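This report describes one protein chain, moving from its overall make-up to particular strands, helices and a single loop residue. The sequence and the coordinates come first, and the commentary follows.

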Amino acid sequence: MPVLLLALALASLIGANYLNGQLQEDLGEVADDDTVPPSVGTPLVSTRRLTAMLAPPLTEPGFFNALDEMMASAPPSACLSVTLGKNAYYESNANIAVMPADAVLLLTLAAAHKELGPDHTFITSVQSVVSLEDGVVNGDIYLVGGGDPLLLTREFAATLGEGENRLRTPIEDLAQDLVDGGLALVTGAVVGDAARYDDLLYVGSWPETMIRAENLGTLQALQFDDGWVEFPSTAPAEEEGDAGREAPEETADEQLAAEDPPFYAAALFDDMLEAEDVVIRRSPRSEGFPADEEAFVLASIESAPLSAYYRQILDNRDAETAELLLKEIGLATSGTGSTRAGTRAVQTVLAGVGVDEEFQFLQFDGSGRDPANVATCPLFTALLDSEEFSPFFHDLLPTAAEAAPSRVDDPERLKVLSGGASNTAVTLGYVDIGLGQELTFAFIANQPDPAGSPALLELAERILSHLATLEAKPSLDDIQLEEIRAR
């Protein structure tokens with residue numbers, strides 16, 4: 001019996017090699033000209049024919065089954081899109097339009113990066129129709145807003161939480177520059193000029209109830225402290241030059257927005273100058289700089305570069321900064337500093353990278369606060385995967401370790417934006433699964449009852465944790481196996 005089995009094995013091997021050679025000969029007879037005859041690409045005896053065993057598929061069915069079970073527990077208005085190498089890897093409710101909430105911030109930031117650039121700055125200046133002579137401006141001085149969202153006073157910046165990004169443009173420095181430049185007397189007034197953008201205090205489609213509930217600040221080209229006249233104040237953080245200054249006690253318990261933000265900014269700037277013994281003869285007001293007059297720039301202050309604002313917006317989920325940035329995008333692309341002009345620019349940018357061609361998308365603001373915003377999950381994976389914006393978001397998005405405590409092992413492998421509103425959960429970003437491969441994902445879920453928010457956030461965390469369990473597996477090219485050829 002052993003001899004018989006050995007004979008059968010040898011016969012099979014000889015037969016296989018004979019058939020291989022015969023096939024090569026038969027294929028060679030097909031070519032009746034001088035072309036190279038076709039041949040079998042892979043020998044019958046080859047490791048290439050063992051692909052299924054040597055390079056198994058990336059996942060087992062259980063991986064997808066788990067995602068199916070999680071999405072089955074999600075609200076009806078929920079979607080999940082996962083791509084691998086820009087190809088769809090897993091989708092659930094991919095065509096369902098949801099309210100994207102914080103995910104809209106990525107659209108605004110992508111358009112800002114494209115249309116304004118990371119080195120863009122905002123300049124706030126003091127101008128007059130006459131020059132400063134012997135310390136005197138014979139007329140008004142105009143505080144001209146350049147759209148800087150972060151003209152924050154020292155007192156307001158101190159109210160930001162310990163974990164918040166405290167980036168600001170110190171407006172006090174602008175007042176000090178005027179004093180250092182010799183300003184002693186203004187025979188006119190300090191005039192607030194917010195003509196750079198439209199005069200809407202808020203996004204036109206925002207519900208009044210939402211504005212009050214979320215304490216949203218105003219959106220003018222010139223405003224201090226997000227347009228707040230009153231805000232819960234605390235002792236300011238000590239800065240250089242503040243030694244010995246007495247800290248003010250807490251004053252207001254609630255926030256009160258200015259009805260005329262540029263007027264309030266002019267009045268506060270007036271107080272700053274008078275505190276430095278500058279005499280100002282007339283009361284502050286708000287209006288645009290005369291269009292037919294020559295402008296003499298007496299002083300100016302420049303913001304940090306826009307690249308620093310990107311991080312500030314994400315760290316603080318700063319709606320006011322995102323909305324003013326959208327108006328600046330509109331101004332740069334169409335000459336109109338409005339929300340509508342900004343959203344049109346975002347659509348143009350997305351179309352330029354092929355993102356909006358097949359996805360539902362309606363945008364009404366730049367921060368995602370508007371409940372009328374509509375998008376699908378694949379829109380965001382397409383944006384994150386696009387050649388133009390993928391490097392930008394890889395650099396910008398925080399790791400899971402930086403964003404919040406995470407149950408994921410090795411959270412440094414994840415680049416994530418997580419958040420949402422009381423009735424929305426959002427998590428999207430990248431998962432490095434090894435061997436130079438990564439998943440791109442977007443999960444967005446809406447529910448009518450805000451009471452279910454904790455469960456929704458928990459579901460988002462479970463999905464993220466499950467995606468992070470995926471590990472890349474080597475291909476035959478990775479393990480560099482050589483083919484076995486018959487001699």
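A residue is called buried when its relative accessible area is under 20%. By that cut-off strand β19 is mostly covered, since eight of its 10 residues are buried. The model discussed here is predicted, and every value below was computed from it.

## Overall make-up

The protein has 487 residues, of which 46% count as buried, and its secondary structure comprises 16 helices and 19 strands. About 23,500 Å² of the protein is exposed, with carbon and sulfur atoms supplying 51% of that area. Among the contacts with a separation of 6 or more, 70% are accounted for by residues 24 or more positions apart.

## The strands around β19

Strand β19 (residues 437–446) pairs with β1 in the antiparallel sense over seven bridges, and also with β18, to which 10 bridges join it, again antiparallel. Strand β1 (residues 78–84) is in turn joined by five bridges to the antiparallel strand β2 (residues 87–92). What stands opposite S81 in β19, and what is the bridge partner of S81 in β2? In β19 the residue opposite S81 is A442, while in β2 the bridge partner is E91. Further along the same set of strands, V431 has L439 of β19 as its bridge partner. In a regular strand, side chains alternate between the two faces of the sheet.

Two of these pairings are hairpins, set out in the table below.

| Hairpin | Residues between the strands | Residue with positive phi | Phi |
|---|---|---|---|
| β1 and β2 | two residues | G85 | near 60° |
| β18 and β19 | two residues | L435 | about 55° |

A positive phi also occurs outside the hairpins, at G117, which follows helix α4 and has a value near 90°.

## The disulfide

One disulfide is counted in the protein. It is formed by C79 and C377, whose sulfur atoms lie 2.0 Å apart, and with 75° about the S-S bond the link is right-handed. Because C79 lies in strand β1 and C377 in helix α12 (residues 377–385), the pair ties together parts that are 298 residues apart in sequence. A disulfide is a covalent bond between the sulfur atoms of two cysteines. Are the two cysteines buried or exposed? C79 has a relative accessible area of 0% and is therefore buried, and C377, with a relative accessible area of 0%, is buried too.

## Two helices

Helix α15 (residues 453–467) has 15 residues, which at 1.5 Å a residue should span 21 Å, and its end C-alpha atoms are 21 Å apart, in agreement with that expectation. Its buried residues are S453, L456, L459, A460, I463, L464, S465, H466 and L467. These residues pack against helix α3 (61–72) and against strands β1, β17 (414–419), β18 (424–434) and β19, so that the contacts of α15 include the strand β1 that carries C79.

Helix α4 (residues 104–115) reaches 17 Å from its first C-alpha to its last over 12 residues, close to the 16 Å expected at 1.5 Å a residue. Nine of the 12 residues of α4 are buried, which leaves the helix mostly covered. The buried positions run through V104, L105, L106, L107, T108, L109, A110, A111 and A112.

## A three-strand sheet and the loop after β4

Separately described is an open sheet of three strands in the order β4-β8-β12, with parallel pairing. Strands β4 (136–137) and β12 (279–280) stand at the edges with a single partner strand each, so one side of each has no neighbour in the sheet. Strand β8 (residues 185–186) pairs with β12 over two bridges in the parallel sense, and L185 stands opposite V279 of β12.

The loop between β4 and β5 (141–144) holds D140. With a relative accessibility of 16%, D140 falls under the 20% cut-off and so counts as buried. A polar atom of the D140 side chain lies 2.8 Å from the backbone nitrogen of A189. Leaving aside residues up to four places away in sequence, D140 touches Q127, S128, G188, A189, V191 and R285, and A189 therefore appears both in this list and in the polar pair.

Note on methods
Residues numbered from 1 in each chain as written. Predicted model: local features only at pLDDT ≥ 70, side-chain atom pairs only at ≥ 80, totals over all residues. Heavy atoms only, no water. Disulfide = S-S within 2.5 Å. Helix = DSSP H or I, 4+ residues; strand = E, 2+ residues; numbered from the N terminus. Buried < 20%, exposed > 50% of the residue type's maximum accessible area, 1.4 Å probe, protein only. Pairing = 2+ DSSP bridges. Contact = heavy atoms within 4.5 Å. Areas by Shrake-Rupley, 256 points an atom, 1.4 Å probe, with all protein chains shown as cover. Expected span 1.5 Å × (residues − 1). Polar contact = N/O pair within 3.5 Å; in protein donor to acceptor, adjacent residues only side chain to side chain.
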